[in-house]
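Here is a short briefing on the fold, one strand in its setting, and the chain contact. Please keep the structure open while reading.

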Protein chains: 2
Amino acid sequence: MTKRIPVVEKILSVNDRLALENQARFDSAGVLALNFMASPGAGKTALIEQTVKGLQGQVRIGMINGDIATSLDADRAQAAGATAIQINTGGDCHLDAVMVQSALAQLDLTALDLVIIENVGNLVCPAEFKLGTHRSVLVASLPEGDDKPYKYPGMYRGVDVVVINKIDLLPYVPFRMDFFKKGIEVLNPGVTQFELSCRTGEGIPAWLAWLEKQVREFKES
Amino acid sequence: MTKRIPVVEKILSVNDRLALENQARFDSAGVLALNFMASPGAGKTALIEQTVKGLQGQVRIGMINGDIATSLDADRAQAAGATAIQINTGGDCHLDAVMVQSALAQLDLTALDLVIIENVGNLVCPAEFKLGTHRSVLVASLPEGDDKPYKYPGMYRGVDVVVINKIDLLPYVPFRMDFFKKGIEVLNPGVTQFELSCRTGEGIPAWLAWLEKQVREFKES
């Protein structure tokens with residue numbers, strides 16, 4: 001017989017405590033922090049590139065990129081003009097508050113207005129771990145299929161914003177936008193949503209305008 | 001200070017032992033077992049639908065569908081003509097050998113030639129847990145991007161077959177097939193590969209012919 005040890009609960013509460021510490025650091029620096037989550041390849045890094053370029057000169061952006069093994073995403077964020085800190089999780093399937101805390105030690109928050117944390121590409125595990133961010137942003141994409149809210153309810157239920165990326169592929173993939181949005185509405189009524197294409201740029205201005213307003217209002221609050 | 005308890009190692013070794021028991025059950029029934037893994041929405045269920053339809057009358061297929069919350073995939077497999085057992089992981093990000101063992105109690109292996117286990121959509125965690133299958137099949141898809149082997153090396157390194165799905169989207173997404181295949185080759189030299197589209201049917205016959213041969217040779221061995 002295996003004896004069950006309730007380790008997960010304890011790890012989560014330690015994580016939650018550290019997440020609050022991270023959030024206090026963001027708060028005292030007046031820096032808005034976002035947690036970007038998505039499936040592998042939904043377009044988190046592409047949206048970050050568009051965001052960094054689009055808000056250049058208006059919003060000073062820092063990046064924390066979580067990746068299992070490479071610095072490919074941090075390199076892309078840096079090339080787009082952001083200050084990027086790379087976290088290699090060493091195989092771990094999500095970021096946690098400890099990893100973010102160690103990244104914050106390398107990031108000068110006084111020189112920033114916004115920090116975007118790019119989580120590991122995974123629609124399950126990242127939803128379980130608070131990082132200390134103010135908003136969670138889920139990047140969905142059309143080729144993943146319209147059943148994803150129904151199949152990954154934990155992720156869709158817990159986020160503040162859903163960005164629906166790759167809308168340029170609508171003519172080429174089977175995707176019922178109504179069915180997809182109905183799933184979101186059931187799990188997360190009234191959640192803020194954007195439809196856009198990081199490839200063509202369609203819908204990006206509305207996202208940038210919203211984000212710029214969030215940063216401004218956070219500074220003023 | 002937190003004391004670290006090496007729980008993961010023990011869980012894995014219990015899992016490995018159960019995986020061997022599962023495999024012995026498949027072996028004694030002469031049933032080939034496959035573990036399908038992929039990102040959310042890469043096309044595992046679509047490939048299963050094509051496989052069940054394509055091998056109808058030749059290969060008797062049973063399905064075990066792992067899902068976090070719904071039976072959407074099992075319903076699709078059943079509609080395509082397979083005997084399907086649904087496992088709801090209740091939030092867990094992967095299948096393990098215990099879950100497969102409990103599903104096997106509901107599946108009559110003597111009436112089957114092939115069992116396909118559809119894992120939870122996740123490019124990280126499922127690679128860590130053996131189920132007792134004979135081959136692991138990774139379903140990749142073009143819209144995920146060509147950097148995925150580099151970013152998810154654990155998954156790409158451990159599989160026996162890579163199926164590259166949604167090749168019909170090649171004109172519409174940025175994807176360098178050479179770069180993608182170079183990543184696979186470094187991590188998993190000589191791994192069996194298929195390029196296909198479950199939507200258009202292109203490349204499906206080669207996959208079916210290979211799979212039918214695998215099932216036949218397994219029975220004869």
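**Strand 2 and its surroundings**

In chain A, strand 2 pairs with strand 3 (residues 83-88) in the parallel sense, over six bridges. This is a predicted model. The points below start with that strand, then turn to the whole chain and the contact with chain B.

Pairing
- Within the pairing with strand 3 of chain A, Ala84(A) is the bridge partner of Met63(A).
- Strand 2 of chain A also pairs with strand 4 (residues 114-118) of chain A, in the parallel sense and over five bridges.
- In strand 4 of chain A, Glu118(A) stands opposite Asn65(A).
- Helix 3 (residues 72-79) of chain A joins strands 2 and 3 of chain A in a right-handed β-α-β unit.

Burial of the strand
- Seven of the seven residues of strand 2 (residues 61-67) of chain A are buried.
- Side chains in a regular strand alternate between the two faces of the sheet.
- Ile61(A), Met63(A), Asn65(A) and Asp67(A) are buried on one side.
- Gly62(A), Ile64(A) and Gly66(A) are buried on the other.

Chain A as a whole
- Chain A has eight helices and seven strands.
- Its radius of gyration is 17 Å, close to the 17 Å from the globule rule for 221 residues, so chain A is as compact as a globular protein of that length.
- Buried residues account for 50% of the 221 residues in chain A.

Contact between the chains
- Chain A and chain B each put 34 residues into the contact.
- Helix 5 of chain B gives the most to the side of chain B that touches chain A, with three residues.
- That side of chain B holds 18 nonpolar, 10 polar and six charged residues.

Definitions and conventions: Residues numbered from 1 in each chain as written. Chains lettered and ligands numbered in written order. Predicted model: local features only at pLDDT ≥ 70, side-chain atom pairs only at ≥ 80, totals over all residues. Helix = DSSP H or I, 4+ residues; strand = E, 2+ residues; numbered from the N terminus. Rg over C-alpha atoms; globule rule 2.2 N^0.38 Å. Buried ≥ 20, exposed ≤ 12 C-beta atoms within 10 Å, placed from the backbone. Contact = placed C-beta atoms within 7 Å. Nonpolar A, V, L, I, M, F, W, Y, C, P; charged D, E, K, R; others polar. Pairing = 2+ DSSP bridges. Right-handed = clockwise from strand over helix to strand, strands pointing away.
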